[in-house]
Amino acid sequence: MTAVLFTCAGQRVDIVGAFRRAGALTVAADVNPLAPALYHADVQALVPRIDDDEYVPALRELVERHGVELIVPLTDLDQVTLAGAREQLGALVLLPDAEIVERLGDKYLAHLLFEERGIASPPTWLPTGVPDDAEFPLLVKARSGFGSRHIYRAADRAQLGFFLGYTPVDSIVQACLAGEEFSIDVFCDLDGRCLNAIPRTMIESKGGESIKGMTIRDDRLIELARDVAEKLQLVGPANVQCFREADGSHFLTDINTRFGGGFPLPLAAGGQYPELALALARGERPEPRLGDFREGVVMTRFFSDLSLTENGDGTLKPLAPAE
C-alpha cells in the first residue's frame, strides 16, 4: 500500500477520500485541528505553520514514520517550500521544478513565462507600466494568492487609479477578456508528458472555486492543455484556466499546479488521477490517455459537515452516530 502525505489538507475531503479509495494509505497534515480532511485520512497529523523553520522537518518526520512515498500539496500555500525542499523530504513531491512553481505562483512572472514559451496570454502589466493607449475595461488582480480575492474591474483611467490605491495587496493590471472561460484538469508524468487533459465548463464559481461545471470533449482545448503542460514541463496535477474569444483564439490566464477545486468532476468522468499519481510513486511510467474520459458529466457541489468529540488525550475524533 502506497503511503501518501497530503499537506495543507484543509477541506479537501474529496481528494483524500479519492486516494484512499484508490488504495493509498492516506496521511493528512494541517496546522488546524479542525481541518475536516484530517478526519477522513488514515493518519492525522498537526504540523507547524508553513513559515515556521520546523515545517519541513515535521513533514520529513511524517515521511519516515509512515513510510510515505508521495507528497501531494492540496493548496498553493506551501508549494514553493515543498518544491525547494524535495531533496530533504525523502519522498516524491508531486510538483514541477521549483522555478516553474514559483513563477506560476506570481501572476506577472507567469505572464512572462507564458510569453517566453510561446503561450498566448492577455496583455498584462505592472501598475506603473500600463500604457496610455490601453483599452478599458481593465482588471486589477492580486499578483499572488488564490481564491479570486482582490480582483476589481476598472471601466476607465480614474477607476484604475482608485482600485490600485484601494487594493491592500501587490497587484497586476490585465486586459479584460470577453470570451467564454474554461478550466482543463491535466495530469503529467515525471518527464512532463501530459497523460490526460479533461476540459470543463465554468457554469458557476464561488470565491474562485468551481461549484458547478460540466465535462466537455473539445479537441482544441485538450490539445491546448497538452501543449501548455509539456511546454512548461508540469508534473502531476494542474488546473489550466483559459478564455476562448469570439475569433476562436485562446488566452491562458492562470495555472494552478495542484488538483483544482473542481477535482470531483474529472474524477467522476473517469480521469483516474489518483491512480496515476500512485503509479508514479511506484516508479511506473503510465502511457498517455488523452481523451479517455466521459463527457457530459455535470458537477454541482454542496456544503457538508463533520461533528467531532474529545478523544481523551487532548485530540479530537469523529463523533460516532450513537454518541
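This tour moves through a predicted model, from one buried acidic residue to a pocket, then to a strand residue and a cavity.

**Stop 1: Asp30**

Select Asp30, which belongs to strand β2, spanning residues 25–30. Which side chain of opposite charge is nearest to this residue? That side chain is Arg49, at 9.2 Å. Asp30 is buried and has no salt bridge; the cut-off for such a bridge is 4 Å, between a side-chain nitrogen of Lys or Arg and a carboxyl oxygen of Asp or Glu.

Next, add Gly10 to the selection. The side chain of Asp30 reaches the backbone nitrogen of Gly10 at 2.8 Å. To display the wider surroundings, select the residues that Asp30 touches, leaving aside those up to four places away in sequence: Cys8, Ala9, Gly10, Ala35, Leu38, Ala45, Leu46 and Val47.

**Stop 2: the second largest pocket**

Keep Leu38, Ala45 and Leu46 on display; these contacts of Asp30 are also among the residues that line the second largest pocket. To complete the lining, add Pro33, Tyr39, Gln44, Asn311, Gly314, Thr315 and Leu316. The space in this pocket is about 220 Å³. Which element supplies the largest share of the lining? Strand β3, residues 43–46, does so with 3 residues.

**Stop 3: Leu139**

Now move to Leu139, in strand β7, which covers residues 138–142. Is Leu139 buried or exposed? Leu139 counts as buried because its relative accessible area is 18%, and the cut-off for buried is under 20%.

Select Gln174 as well and compare the C-alpha positions. Leu139 and Gln174 lie 35 residues apart in sequence, yet their C-alpha atoms are 5.1 Å apart in space. Gln174 is one of the residues that Leu139 touches, not counting residues up to four places away in sequence; the others are Tyr152, Arg153, Ile172, Val173 and Cys176.

**Stop 4: the largest cavity**

Keep Ile172 and Gln174 selected, since both touch Leu139 and both line the largest cavity. The model holds 3 cavities of 30 Å³ or more, and the largest of them contains about 50 Å³ of space. To show the rest of its lining, add Lys107, Ala110, His111, Phe114, Ser121, Lys141, Thr253 and Asp254.

Colouring by secondary structure helps at this point. At least two lining residues come from each of α6 (107–116), β9 (171–175) and β15 (250–256). Which of the elements gives the most to this lining? The answer is α6, with 4 residues.

Notes:
Residues are numbered from 1 along each chain as its sequence is written. This is a predicted model: local features need pLDDT of at least 70, side-chain atom pairs count only at pLDDT 80 or more; totals for chains, interfaces and linings use all residues. Side-chain values use heavy atoms; hydrogens and water are left out. Buried means under 20% relative accessible area, exposed over 50%, partly exposed in between (1.4 Å probe, protein chains only). Lys and Arg count as positive and Asp and Glu as negative; His and the chain ends are not counted. A polar contact is a pair of N or O atoms within 3.5 Å; within protein, one must be able to donate a hydrogen and the other to accept it, and residues adjacent in sequence count only if both atoms are side-chain atoms. Contact means heavy atoms within 4.5 Å. On a 1 Å grid over the protein atoms alone, a cavity is a set of points where a 1.4 Å probe fits but cannot get out, and a pocket is an open set with protein on both sides within 12 Å along at least five of seven lines; lining residues have an atom within 4 Å of a point. Grid points are joined across faces, edges and corners, and a volume is the space filled by probe spheres set on the points.
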